[in-house]
Amino acid sequence: MIDWVKKMFGGPTSSSTAKERLRLVLMTDHLALAPDIIENMKRDLIDVISRYVEVDRDKVEVNFEREDRALAMLANIPIVSVNRPSPPPQPPAQSGPPSRRRRRKKPPAQSPATAH
Amino acid sequence: MHQPVPHEVATPAAKLGRAIVVTSGKGGVGKTTTTANLGTALAQRGARVALIDADVGLRNLDIVLGLESRVKYHLLDVLEDKVSLDEALVPDKHSETLVLLAAAQSREKDEVDTEKMRALVQGLRERFDYVLIDCPAGIELGFKNAIVGADEAIVVCTPEVSAVRDVDRVVGLLGNRFKPQLIINRLRPALVKKGKMLSVEDVNAILRLPLLGVIADEPEIIITTNRGEPLALRHEGETANAYHAIAARVAGENVPAPSPELKESLMGKLGSIFGGKRA
Amino acid sequence: MSGRRIVITSGKGGVGKTTTTANLGAALAKRGLRVILVDADIGLRNLDLVLGLEKRIVFDLVEVVEGRCQLRQALIKDKRFESLSILPAAQTRDKDAITESQFEAIVAQAAQNADYVLIDCPAGIEGGFRNAVAGAKEAIVVTTPEVSAIRDADRVVGKLNERGLPIRLIINRLRPEMVRTGDMLSVEDVCEILAVELVGVIPEDPEVIDTTNRGEPIVLDPAARLGGIYEKIARRLEGEMVPFTTFDAQGFFGKLLGALKAG
């Protein structure tokens, strides 16, 4: 009877609740059953991120967390260093008016007397 | 010479909680539902209750209680000392004094160390008034590990020949250590009346066990499992009241035994609307 | 040619494996096929009881394995059908009384003289399950439209996939009226979640308990609706395209046309 009242007021049916819960719990069950998939995922993730920043591979952690309505993957990837952004590649030299793109000139090397 | 002050003041030994295994032999008769609802009913009375899902590999107590999204660690994590018991115990969503220790889903039953299981249950008994152990179906290793820490047993049976036969076998296997009590589940009084289902007397004539309670087959059970909200959270309805009566009997109260004739006259399509007067 | 070897399994207990094995076996036998049913639930045997053959047991599976009798001596011929026999489990032994390869050998032997060997699997995924599956080349997973049953079925499907067995699904104990009110998962819901080929949908029927009490397979009763359903499953197993009777949602005829497309 209580369930009927719930439905009357526009709440989800118990079967749609069940379906949703099953969907999420089976995802978690499947992940628990496939530790090698998680390892592969972790490795691939590290490889991709490493193309952009340098990471501490040994300290990478990947976890799956359940909230009430969703499963989320949380990855903690310690970054060791970030390379200075390199200038965009230059087009080959052209005759004619100089390109409007600003070029940063390399600053003159500092003499030891003035460097700090 | 001045006596050193003792670090600890001796406290009187706390009363050890009761460890009850819920078993059946046959699967699908309602062990997990009974464990969840009995645990809920006991907790609703203020008792501190710990539920253990011993069905390693096929865990379901968590989903029946609606706690599946909150389980982080499980029985084997604790038995293998990967986490502490407190990290693994999941507080129930609805009942304050109820906690769950979930089974491992991705492991096998033969990975449970029997002696460690016994020690775990013993440890829980020191902190809780009741430790209910949800036993897996069957009589293999899972069953053996589930009963190892318990000192009482509840057997659940449906009024069907195969279930009765399996309970009979299980009672034999439980041996003299236990004096099992019986819950008859999924009774359909209308069918009993037509002679198409075993009656409570039929079942008990074969099993001869003290009867703890009788629960009728109700569609509400399916609905409450869909939602993960045990029926015993309610205090109206025949089945909810049946669980409360069982909890009271477990606690030692003298609640009158279920009367199948009374149930038959109350049952019918509108059974749940009448609200339980007696279970 | 050796017969088909199908294990009937579920993970969750009480969803109807034994009843399905008995009735599907009977339905196949009714079509003139030679059927042997094997009860792999050592220690908790029930297939004999459900067929009403419990009083005729002389030898059991374990005794055959141990060589104390021949297979044909242990087989009990069901007198109600021309070509149905059962090999009962042992009641007073443990599931570790036989090994996977021993069980496989028995099933292979039985399949020499049958069109179908149906193996009634115990609940769970422990040794009894492993033995039962070892004897099979195909699997039927039985589930009810309930959360715990589906979760367990999913686990079992995973285990069967590991062994490369083709799997079909039977949804048992469906209650169309509850599906209609949104209180029970529908056939579509279950199929979507488990993603296994559907071979049968069996509605909840109080008559079934009565038939198992009396030890009479429901396919023997021409008036019983359920008997017809098991016969349809038998036909589908034989390769026929039989439409699913639709019990739920938008009206019988509308959905029936849809189901005809699905086959």
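How much area do chain B and chain C bury between them, and what share of it lies on carbon and sulfur atoms? In this predicted model, the area buried between chain B and chain C is about 3700 Å², and carbon and sulfur atoms account for 49% of it. The size of an interface is often expressed in this way, as the accessible area that is lost when the parts come together.

The contact between these two chains draws on 42 residues from chain B and 42 residues from chain C. Within the area that chain B buries against chain C, 19% is supplied by Leu58(B), Glu140(B) and Arg165(B), which is more than any other three residues provide. Across this interface, 8 salt bridges are found, and one of the residues just named takes part in a salt bridge here, since the side chain of Arg165(B) meets that of Asp48(C) with an N to O distance of 3.0 Å. The interface of chain B and chain C also holds 19 residue pairs in polar contact, counted where both residues have pLDDT 80 or more. On the side of chain B that touches chain C, two or more residues are given by each of helix H2 (61-64), helix H6 (141-147), helix H7 (161-174) and helix H10 (219-227) of chain B. When the residues on that side of chain B are sorted by class, 13 are nonpolar, 13 are polar and 16 are charged.

The second interface to be described joins chain A and chain B. Here 19 residues of chain A are in contact with 16 residues of chain B, and the area buried between the two chains is about 1600 Å², with 46% of it coming from carbon and sulfur atoms. Across the interface of chain A and chain B, 1 salt bridge is found, and in a salt bridge between these chains the side chain of Glu68(B) meets that of Arg21(A) at 2.9 Å, N to O. Polar contacts between chain A and chain B amount to 8 residue pairs, with both residues at pLDDT 80 or more. On the side of chain A that touches chain B, at least two residues are supplied by each of helix H1 (2-8) and helix H2 (14-32) of chain A, and the largest share of that side, 8 residues, comes from H2(A). By class, the side of chain A that touches chain B comprises 7 nonpolar, 4 polar and 8 charged residues.

Notes: Residues are numbered from 1 along each chain as its sequence is written. Chains are lettered from A and ligands numbered from 1 in the order in which they are written. This is a predicted model: local features need pLDDT of at least 70, side-chain atom pairs count only at pLDDT 80 or more; totals for chains, interfaces and linings use all residues. Side-chain values use heavy atoms; hydrogens and water are left out. Contact means heavy atoms within 4.5 Å. Buried area is the accessible area (1.4 Å probe) that two parts lose on being put together, summed over both. A salt bridge is a side-chain nitrogen of Lys or Arg within 4 Å of a carboxyl oxygen of Asp or Glu. A polar contact is a pair of N or O atoms within 3.5 Å; within protein, one must be able to donate a hydrogen and the other to accept it, and residues adjacent in sequence count only if both atoms are side-chain atoms. Helices (H or I, at least four residues) and strands (E, at least two) are DSSP runs, numbered from the N terminus. Ala, Val, Leu, Ile, Met, Phe, Trp, Tyr, Cys and Pro count as nonpolar, Asp, Glu, Lys and Arg as charged, and the others, Gly among them, as polar.
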